[in-house]
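Subject: Structure for your review

Dear colleague,

Please find the structure below, together with the sequence. My notes on its ligand site and its empty spaces follow.

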Amino acid sequence: MTPAQLAAALPKAELHIHIEGSLEPELIFALAQRNGVALPYPNVEALRQAYAFTDLQSFLDIYYAGASVLLHEADFFDMAWAYLQRAHADHVVHTEIFFDPQTHTARGVDVGVVIAGLKRACERAHTEFGMTSALILCFLRHLSEEDAFATLEAALPHRAHFIGVGLDSSEVGHPPSKFSRVFARCRELGLRIVAHAGEEGPPPYIWEALNDLKAERIDHGVRSLDDPALVAELARRRTPLTVCPLSNLKLCVVTDLREHPMKKLLDAGLCATVNSDDPAYFGGYLNANFVQTVDALKLSRDDVIALARNSFEASFIDGATRAKYLARVEAVAS
Ligand code: ADE
Ligand code: ZN
């Protein structure tokens with residue numbers, strides 16, 4: 001087996017997937033028709049042609065437009081179930097799914113409707129595939145901290161159905177420290193903490209995510225390599241980075257996958273993981289990210305096994321489930 005074939009076959013956890021970013025153009029059009037929502041594109045091909053991004057913001061504008069077709073519980077279920085089936089086909093056995101309530105509540109959709117649909121899909125994946133999963137509520141950082149507090153308040157009746165909170169959307173100009181107080185409240189509530197930092201933003205944003213928000217994982221974090229003291233600290237704490245290679249390529253964070261920092265992150269001793277971010281927009285689900293990265297960077301068999309192990313080490317599963325999944329990695333790798 002080549003390293004790329006091994007990567008595809010290994011059981012893996014996916015820890016950085018925005019469920020709204022799994023909405024394929026065909027499903028966007030089907031839901032638009034079902035819900036009577038008008039789209040600014042005449043058909044699937046025209047929408048797909050608009051997927052030529054120059055940076056994070058150029059993507060986010062289209063991503064929020066796509067999410068406008070989501071109105072009812074069944075829509076959130078259909079979206080998540082489509083993702084979970086694809087993840088299962090890629091040997092994802094555990095997934096921690098981001099969702100953006102403010103994208104939906106701004107259109108009058110109750111956060112309870114969002115969570116109910118996602119949760120029902122996760123339950124079906126557990127029943128049919130034995131897949132474990134969890135939901136992570138993300139605050140949109142281009143909005144105010146006050147808006148994040150209101151979102152948290154609205155979600156609290158559903159507290160049992162999400163394990164943590166994250167921070168996403170337009171990074172530059174919206175540092176983690178903008179959300180210090182709401183994350184402090186989330187920690188009091190016992191929520192797990194993650195945050196996007198160092199995707200386009202500079203190393204000080206990663207320091208803030210660590211020290212101010214007390215993030216347990218950094219989403220992206222590829223720009224940490226610009227600051228050797230930060231790399232040393234991430235290695236010392238073993239703070240995981242949920243890296244998304246095809247996203248970095250499509251959003252022009254790197255110009256070629258052969259220049260992607262994944263190998264450097266691994267060689268620096270960091271707990272780096274591979275993830276798909278917004279697979280419907282960036283040209284591939286988890287195995288496409290693995291296979292293309294392994295080939296472009298000529299990652300070794302040991303690198304690939306480390307990445308699969310890291311995905312479980314970095315996950316928020318309990319110790320017994322982690323041990324079970326790590327044993328499955330060893331069984332396939334041996
Ligand atoms: N929301 C969805 N995908 C994102 C990304 N890659 N960065 C920030 N916010 C996002
Ligand atoms: Zn992301």
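How many nonpolar, polar and charged residues does the lining of the largest cavity have? The lining has eight nonpolar, four polar and five charged residues. Please bear in mind throughout that this is a predicted model.

The cavity

A search of the whole structure returns one cavity of 30 Å³ or more. The space inside the largest cavity comes to about 100 Å³. Its lining is made up of 17 residues, and those nearest the centre are H18, L56, L60, S169 and H196. Helix 4 is the main contributor to this lining, supplying five residues.

The ligand

The largest cavity is also where ligand 1 sits. The residues around ligand 1 are H18, L56, F59, L60, Y63, D168, S169, H196, E199, H220, D277 and D278. Sorted by class, this shell is divided into four nonpolar, four polar and four charged residues. Helix 4, which spans residues 56–66, gives the most to the shell, with four residues.

Three polar contacts may be of use to you when you examine the site. In the side chain of E199, an N or O atom is 2.7 Å from a nitrogen atom of ligand 1. At S169 the backbone takes part instead: one of its N or O atoms lies 2.8 Å from a nitrogen atom of the ligand. The side chain of H18 has an N or O atom 3.4 Å from a nitrogen atom of ligand 1. Taken alone, ligand 1 exposes 260 Å², and the protein buries 100% of that area.

H18 and S169 thus appear twice in this account: both are listed among the residues nearest the centre of the largest cavity, and each has an atom paired with a nitrogen atom of ligand 1.

The pocket

Turning to open space, the largest pocket holds about 340 Å³. It is lined by 18 residues, with C122, S133, A134, L135 and I163 closest to its centre. The elements that give two or more residues to this lining are strand 2 (92–99), helix 7 (111–129) and strand 3 (132–140). By class, the lining of the largest pocket comprises nine nonpolar, five polar and four charged residues.

With kind regards

Methods: Residues numbered from 1 in each chain as written. Chains lettered and ligands numbered in written order. Predicted model: local features only at pLDDT ≥ 70, side-chain atom pairs only at ≥ 80, totals over all residues. Heavy atoms only, no water. Near = heavy atom within 4 Å. Polar contact = N/O pair within 3.5 Å; in protein donor to acceptor, adjacent residues only side chain to side chain. Areas by Shrake-Rupley, 256 points an atom, 1.4 Å probe, with all protein chains shown as cover. 1 Å grid on protein atoms, 1.4 Å probe; cavity = no way out; pocket = protein on both sides within 12 Å on 5 of 7 lines; lining within 4 Å. Sits in = over half its atoms within 2 Å of the grid points. Nonpolar A, V, L, I, M, F, W, Y, C, P; charged D, E, K, R; others polar. Points joined across faces, edges and corners; volume = space filled by probe spheres on them.
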